[in-house]
Amino acid sequence: MQSTATVLVYSDNSGTREQVRLATGRRPAADAPAVEFVECATLPAVLEKLDGGGIDVCVLDGEAVPAGGMGVCRQIKDEVFDCPPVLVLMGRPQDAWLATWSRADAAVTLPVEPVEFAGALAGLLRRGRAAA
């Protein structure tokens, strides 16, 4: 089992990034690897980190400004070779159709609910581990 997983967290809001870190803790589930975070507040930073490789899962804030996480998700799914799984944070449950359009692998609503978020993140980490 991989000892650590790298999770990229994109949001222009530092409070949202903190919610993600706190909901995850050291590891999102007992059978998931420990998590290290890479935080980004801008789209260029996200693209730079993904180009560098080593990202296991992306968590993108759908409410980020000026580049929303759903648009960023669709862009990286089109442009990044072997794009890691993406979890999108939605402002409302009614935005689930937009998360599907963006090709997100999972979506949860804001504010981050720790149990729901950790379960979704752990599922993506497990899926990535199984694919490797």
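Mentor: Terms first: buried means under 20% relative accessible area, exposed means over 50%, and partly exposed lies in between (1.4 Å probe, protein chains only). Helices (H or I, at least four residues) and strands (E, at least two) are DSSP runs, numbered from the N terminus. This is a predicted model: local features need pLDDT of at least 70, side-chain atom pairs count only at pLDDT 80 or more, and totals for chains, interfaces and linings use all residues. Residues are numbered from 1 along each chain as its sequence is written, and side-chain values use heavy atoms, with hydrogens and water left out.

Trainee: In what order do the 5 strands of the open sheet stand?
Mentor: Two strands pair if DSSP finds at least two bridges between them. In this open sheet the pairing is parallel. The order of the 5 strands is S2-S1-S3-S4-S5.

Trainee: Which strands stand at the edges?
Mentor: Look for strands with a single partner, so that one side has no neighbour in the sheet. Two strands fit: S2 (34-40) and S5 (106-109).

Trainee: What does the twist average from one strand to the next?
Mentor: Axes are lines fitted to C-alpha atoms, for helices over the stretch in contact, and angles run from 0 to 180 degrees between N-to-C directions. From one strand to the next, the twist averages 20°.

Trainee: Is S4 mostly covered or mostly open, and how many of its residues are buried?
Mentor: Take the two faces of S4 in turn. Val86, Val88 and Met90 are buried on one side, and Leu87 and Leu89 on the other. So S4 is mostly covered, and its buried count is 5 of 5.

Trainee: What is the bridge partner of leucine 60 in S4?
Mentor: S3 and S4 run parallel and are joined by 4 bridges. One of the pairs is cysteine 58 with valine 86. For leucine 60, the partner is valine 88.

Trainee: Which hand does the crossover from S3 through H3 to S4 have?
Mentor: Point the strands away from you: a crossover is right-handed if the path from the first strand over the helix to the second runs clockwise. S4, H4 and S5 also make a β-α-β unit, and that unit is right-handed. The β-α-β crossover from S3 through H3 to S4 is right-handed.

Trainee: What is the bridge partner of methionine 90 in S5?
Mentor: S4 and S5 run parallel, joined by 4 bridges. Methionine 90 pairs with threonine 109.

Trainee: Which exposed residues sit on the face of H3 turned away from its buried side?
Mentor: In H3 (residues 69-79), Gly69, Met70, Val72, Cys73 and Ile76 are buried. They cover an arc of only 155° around the axis, which puts them on the same side of H3; the arc is that of the directions from the helix axis to the C-beta atoms. The face turned away carries the exposed residues Asp78 and Glu79.

Trainee: Which elements do the buried residues of H3 pack against?
Mentor: Contact means heavy atoms within 4.5 Å. The partners are strand S1 (4-10), helix H2 (43-52), strand S3 (57-61), strand S4 (86-90) and helix H4 (96-101).

Trainee: Within what arc do the buried residues of H2 fall?
Mentor: The buried residues of H2 are Leu43, Val46 and Leu50. They line one face of the helix, because seen down the axis of H2 they fall within an arc of 60°.

Trainee: Is aspartate 61 buried or exposed, and at what relative accessibility?
Mentor: Aspartate 61 lies in strand S3. UniProt, in an unreviewed entry, places "modified residue: 4-aspartylphosphate" at Asp61; such positions are given in the numbering used here, feature names are shortened, and annotations may be inferred rather than shown by experiment. Beyond its neighbours within four places in sequence, aspartate 61 contacts residues including Asp12, Thr16 and Gly68. It counts as buried, at 2%.

Trainee: What relative accessible area does arginine 17 have?
Mentor: Arginine 17 lies in helix H1. Not counting residues up to four places away in sequence, arginine 17 touches Val9, Ser11, Asp12, Glu39, Cys40 and Ala41. Arginine 17 is buried, with a relative accessible area of 13%.

Trainee: How far apart in space are arginine 27 and alanine 118, C-alpha to C-alpha?
Mentor: Arginine 27 lies in the loop between helix H1 (14-24) and S2. Arginine 27 is partly exposed, at 36%. Arginine 27 and alanine 118 are 91 residues apart in sequence, yet their C-alpha to C-alpha separation in space is 8.4 Å.
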